[in-house]
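Visitor: I'd like a close look at one part of this one, please. Could you start at a loop and walk me inward to the pocket and whatever packs around it?

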Amino acid sequence: EMCIRDSPKTTPILDAAKMYETLFQAKVSAPQDLPEHGVTTVFVELPNTKLELLHPLGDKSPIAAFLAKQPSGGMHHICLEVPDIEASIKECIEKKIRVIGDGKPKIGAHGKPVVFLHPKDCGGVLVEMEQI
C-alpha cells in the first residue's frame, strides 16, 4: 500500500522526508524530477508502507491546484497495487468508476503502468492503480 503526501511549497522535499528517516528509520531516496508528470518525488520506504513525497515541478504540475487549496500540504491520493491493470480498468468501467484521462495506463514514477480513478466515484478519494 502506498500513501502519497505533498510537501508544502515552503518546505524542501528532503526536509519533509527527514522526519520519516529520523523517527522511523525509513529508507529515503534522492529527489527525482519527473517532468512528464509535473512533480519532483522522494520515495520513503518503511517495512510495511511506502510513501511518496511530491513537490510541484513546472507551471502545469497536477498537484499545484491541490497545494493552492491546501498550502501546508497533505494527503493527495492513495495507490493500490493490482496484478492486471487492463483487467482492473475494464472492471472499473463496467462498475461505472471513471478512469481519469484517456483511460490508458501511463508509466508512473516506479516505472510501472498506472491510472487514476475519479474521486467522485471513489468515496471522495483520488485513487491511483499501479500494476505490480
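Guide: Start at Gln25, which sits in the loop between helix 1 (13–24) and strand 2 (27–28). Keep in mind that we're looking at a predicted model. Gln25 isn't a glycine, yet its phi is positive, about 55 degrees. As for its surroundings, Gln25 is exposed, with a relative accessible area of 63%.

Now hop to Leu46, which belongs to another loop, the one between strand 4 (39–45) and strand 5. Leu46 touches Phe24 and Ala26, leaving aside residues up to four places away in sequence. Leu46 and Lys27 also come together in space: 19 residues separate them in sequence, but their C-alpha atoms are 6.7 Å apart. Is Leu46 buried or exposed? At 18% relative accessibility it counts as buried, since the cut-off for that is under 20%.

On to the pocket. The largest pocket has a volume of about 720 Å³. Its lining is made up of 29 residues, and those nearest its centre are His37, Pro62, His76, His77 and Phe116. Where does that lining come from? Strand 5 (50–56), helix 2 (64–69), strand 6, strand 8 and strand 9 each put in at least two residues.

Zoom in on His77, one of those residues nearest the centre of the largest pocket. His77 is part of strand 6, and with a relative accessible area of 5% it is buried. Its side chain has two polar partners worth clicking on. One is the side chain of His76, with a polar contact of 2.8 Å. Another is the side chain of Glu128, where the polar contact is 3.1 Å.

Let's follow the strands from there. Strand 6 and strand 9 run parallel to each other, paired over 5 bridges. If you want a landmark for that pairing, take Ile78, whose bridge partner in strand 9 is Val127. Strand 9 itself has 4 of its 5 residues buried, so the rest of the structure largely encloses it.

Strand 9 is also joined to strand 8, this time antiparallel, through 4 bridges. Here Val114 is a handy marker, with Glu130 as its bridge partner in strand 9. Strand 8 pairs with strand 7 (residues 106–107) as well, again in the antiparallel sense, over 2 bridges. In that pairing, Ile107 has Pro113 of strand 8 as its bridge partner. Strands 7 and 8 make a hairpin with 5 residues between them, and Gly111, in the turn, has a positive phi of about 80 degrees.

Next comes the helix that packs onto these strands. Which residues of helix 3 (residues 85–94) are buried? They are Ile85, Ser88, Ile89 and Cys92. Look down the axis of helix 3 and these buried residues fall within an arc of 100 degrees, so they line one face of the helix. That spacing fits a familiar rule: an α-helix has 3.6 residues a turn, so residues three or four places apart point the same way. What covers this buried set includes strand 6 (74–82), strand 8 (113–117) and strand 9 (127–131). Strands 6, 8 and 9 turn up again here, having each supplied at least two residues to the lining of the largest pocket.

Turn helix 3 around, and the face away from its buried side carries the exposed residues Lys90 and Glu94. The N-terminal end of helix 3 has a cap from Asp84, which places a side-chain oxygen 3.1 Å from the backbone nitrogen of Glu86.

Past the other end, helix 3 is followed by Lys96, which has its place in the loop between helix 3 and strand 7. Lys96 brings us back to the theme we started with: it is not a glycine, but its phi is positive at about 65 degrees. Lys96 is exposed too, with a relative accessible area of 70%. Gln25, where we began, likewise has a positive phi and is exposed.

Notes
Residues are numbered from 1 along each chain as its sequence is written. Side-chain values use heavy atoms; hydrogens and water are left out. Buried means under 20% relative accessible area, exposed over 50%, partly exposed in between (1.4 Å probe, protein chains only). The arc is that of the directions from the helix axis to the C-beta atoms. Contact means heavy atoms within 4.5 Å. A polar contact is a pair of N or O atoms within 3.5 Å; within protein, one must be able to donate a hydrogen and the other to accept it, and residues adjacent in sequence count only if both atoms are side-chain atoms. Two strands pair if DSSP finds at least two bridges between them. On a 1 Å grid over the protein atoms alone, a cavity is a set of points where a 1.4 Å probe fits but cannot get out, and a pocket is an open set with protein on both sides within 12 Å along at least five of seven lines; lining residues have an atom within 4 Å of a point. Grid points are joined across faces, edges and corners, and a volume is the space filled by probe spheres set on the points.
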